[in-house]
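The exercises below are to be worked with the sequence and the model side by side. Each task is followed by a solution that goes step by step.

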Amino acid sequence: MKKLFYLALALLLAGACKQVSDTNRVVLTGIDASKKPGDDFFMYANGIWYDTARIPPSQTGVGSYSFLNFPQRIRLQGILDSISASNNAPGSIEQKVGDFYASGMDTAAINKRGYDPIKPLLTRIDAVTDVPSLLKLVADEQKVGDGSIIGFSVGPDNKRSTINIAQFYQAGIGLPERDYYFQTDSSTRAIQLAYKNYLTRLFELTGADAATARKNAAVTYELEKQLAAAHRTNIELRDVNANYNKLAVAALSKKQPVLNWTTLLNDLGVKADSVNVGQPAYYSKLNTLLKSASIPDWKVYLKAHALTNYSTLLSQPFVDASFVYAKILTGQAVKKTRAEEMTQAVDGSLGHALAQLYVKKYFPEAARKRMTVLVDNLEKAFEARINKLDWMSDSTKAKAKEKLYAFTEKIGYPAKWRDYSKVDVKRDAYFENQLSANKNDYLYNLAKVGQPVDRTEWFTTPPTVTAYNNPPMNEIVFPAGILQSPYFDVYADDALNYGGIGMVIGHEITHSFDDQGAQYDKVGNVTNWWTKSDYAKFKAKTQQVIDQYNSFTVLDSLHVKGALTVGENTADIAGVAIAYDAFKLTEQGKDTTKLDGFTPDQRFFISIARIWRVKTKDEFMRMYVNTNPHSPARWRVNGPLMNFTPFYKAFAVQPGDKMYKPETERITVW
């Protein structure tokens, strides 16, 4: 059967844009013909599926998009079950991933240890006597993945994108983002209470009596709330220039003497004369709080964060406490199986090692070639759209096209894999295995400070169902995980593939020209390549996107946050248009022959709805709207399509239909 699969794939790719045989075609299912396409196309194309789909109790949603990672984890779990049961050569990737997985699956050993693995850390926290010793401990813990008040990463300098710079960002809070500390609606209050109860339970599990545990939770929460007040909002974090503040270390140390940046960087192992402080107000507040809050309170805070960071690595009572909180936050009904959790842990800690095994088993090289053709076709379609823009000058169009053809395209998996030789993995030491992997990740990133940017590096693991655009590197990335149905299908006609992975490609291309990406030039530097007039027109168009999406209702009075999601919405609107233009260049795109009762154009648009075929828990959706820069799935379908005239023609959308907008109100950015 497997040989037949690869033979079919090879034949499909050899034919590039040929349509597949009638026998093997993809039959569209889940459509609710009782719904009017022009009223709610998401429910028309997905209604039968949506009404019958059941969210697994261990998940927060089901369907495509990120929820396709659930069946992906089953594949990865199968690999790990097999590898962990084999005799593998010491030091091999098979030994490391197999023993890491096996150590996490040995819950009897983990439960026997209780919280012994973190007792030395709790003792070290008890030994803190002043701010310098507190900051030294914070730096030491940062190196092994126990982050608290310092947010540290390494990445390209926005003004000199060929060189990596040390970057510091706001941190220090336990709730998903700052607004959770200040909103007073009932759902947020329930989350606040659940979080406080979670902290209380963790302190109880480590020996505190009930009253002391509650007091410690209150102390921790109050410090977090004060730090949260200095955080920028998710919308403010979208401002590229406001979040770039390259500062001399000497000047920082003078300005924030309590933090003592010179010593802090030395303790972190960072050798640099200047760093980027993304959100300076946070560190100013931290500098003040380190002096105004008592050392005993800070010690309680550090214990709380150590416990929350490590809770899932400890015995069952700690794991249970973590889940009780997560259940309120996300709506997840029951815990994931231990095997699924450990599969995620291996993917997160030894992701490139596991990915090598995945690619060998599941990713045919021919798929990379087919994707290269699709990406080239979409880039040509985008260039044609640039040429036709009536609001952009020729000089800016030339710059835009230069940037378009300077893209780096990454498909499938990296040209070179991460090295995990320094990760010490033992079959009976899950906690220590995790810390060893965390330390390896830290040193891997630390070594990049001040060094040339490695443009071959990947920032996701290849089995992950995702795609991304990275403006500082001017690259678009399509991992092996997304090259499967409903995005890409060996048996699909062009309409489905262009409406699927084609839309994703168009979406990612557009990110280089959305509200953030448009501020980066062709080599990844933040610089203005626009004329003043053109940029003003561009901003006016993205404001139209913000205003329109603000009007979309998600749950009750909860609306899409247009300013938070403007980049993704712009990419969705343009992604549909670019994919459609490229599709119309294919043999099927030029035809009108129906397949299963649908025209090629109709199948294209149905495919777009299929790739966002998602159903979620309400609790998850509330968190998603508050924290995620993507619109909910329904509006990733209906939003772009109500702005796209060919959709109106394909499904005879008329005035009076709920999605109908007069042509003058349909938004076109690119």
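**Exercise 1. Locate Phe-552 in this predicted model, and decide whether Phe-552 is buried or exposed.**

Solution. Begin with the chain path: Phe-552 sits in the loop that runs between helix H22 (532-550) and strand S9 (553-555). Next, take the relative accessible area, which is 5% for Phe-552; because buried means under 20%, Phe-552 counts as buried. Then list the contacts, setting aside residues up to four places away in sequence: Phe-552 touches Leu-558, His-559 and Val-560, and also Trp-635, Gly-639 and Met-642. Finally, a distance can be read between C-alpha atoms, since Phe-552 and Gly-562, ten residues apart in sequence, are 8.9 Å apart in space.

**Exercise 2. Which residues line the largest cavity, and which elements give two or more residues to this lining?**

Solution. First set the scene: the structure holds three cavities of 30 Å³ or more, and the largest cavity contains about 70 Å³ of space. The lining is made up of Tyr-65, Ser-66, Phe-67, Val-614, Thr-616, Phe-620, Met-621, Tyr-624, Ser-631, Pro-632, Ala-633 and Arg-636. Assigning these residues to elements, one finds that strand S11 (614-616), helix H25 (618-627) and helix H26 (633-641) each give two or more, while the largest share, three residues, comes from H25. Sorted by class, the lining divides into eight nonpolar residues, three polar residues and one charged residue.

**Exercise 3. Compare the settings of Arg-124 and Glu-141: which elements hold them, and how does each stand with respect to burial?**

Solution. Start with the elements, where Arg-124 is found in helix H6 and Glu-141 in helix H7. Turn then to accessibility: Arg-124, with a relative accessible area of 38%, is partly exposed, whereas Glu-141, at 6%, counts as buried. The contacts beyond four places in sequence link the two residues, for Arg-124 is in contact with Leu-137, Asp-140 and Glu-141, and Glu-141 in turn touches Leu-121, Arg-124, Asp-146 and Tyr-310. As a last step, note that Arg-124 and Leu-134, ten residues apart in sequence, are separated by 9.7 Å from C-alpha to C-alpha.

**Exercise 4. What lines the second largest cavity, and what is the volume of the second largest pocket?**

Solution. The second largest cavity holds about 50 Å³ of space, and its lining consists of Leu-121, Ile-125, Leu-137, Val-138, Glu-141, Asp-146, Ser-148, Leu-302, His-305 and Ala-306. Helix H6 (119-126), helix H7 (131-142) and helix H13 (295-310) are the elements that give two or more residues to this lining, which by class has six nonpolar, two polar and two charged residues. For the pocket, the volume is about 1500 Å³; 48 residues line the second largest pocket, and those nearest its centre are Gly-145, Thr-308, Asn-309, Tyr-310 and Thr-312. Its lining has 20 nonpolar, 23 polar and five charged residues.

**Exercise 5. Where is the pLDDT below 50?**

Solution. Taken over the chain, the mean pLDDT is 94, and 96% of the residues reach 70 or more. The pLDDT is below 50 over residues 1-23, a stretch that has 26 contacts in the model beyond near neighbours in sequence. Where pLDDT is low, predicted coordinates should not be read in detail.

Methods: Residues are numbered from 1 along each chain as its sequence is written. This is a predicted model: local features need pLDDT of at least 70, side-chain atom pairs count only at pLDDT 80 or more; totals for chains, interfaces and linings use all residues. Side-chain values use heavy atoms; hydrogens and water are left out. pLDDT is the predictor's confidence in each residue, from 0 to 100. Contact means heavy atoms within 4.5 Å. On a 1 Å grid over the protein atoms alone, a cavity is a set of points where a 1.4 Å probe fits but cannot get out, and a pocket is an open set with protein on both sides within 12 Å along at least five of seven lines; lining residues have an atom within 4 Å of a point. Grid points are joined across faces, edges and corners, and a volume is the space filled by probe spheres set on the points. Helices (H or I, at least four residues) and strands (E, at least two) are DSSP runs, numbered from the N terminus. Ala, Val, Leu, Ile, Met, Phe, Trp, Tyr, Cys and Pro count as nonpolar, Asp, Glu, Lys and Arg as charged, and the others, Gly among them, as polar. Buried means under 20% relative accessible area, exposed over 50%, partly exposed in between (1.4 Å probe, protein chains only).
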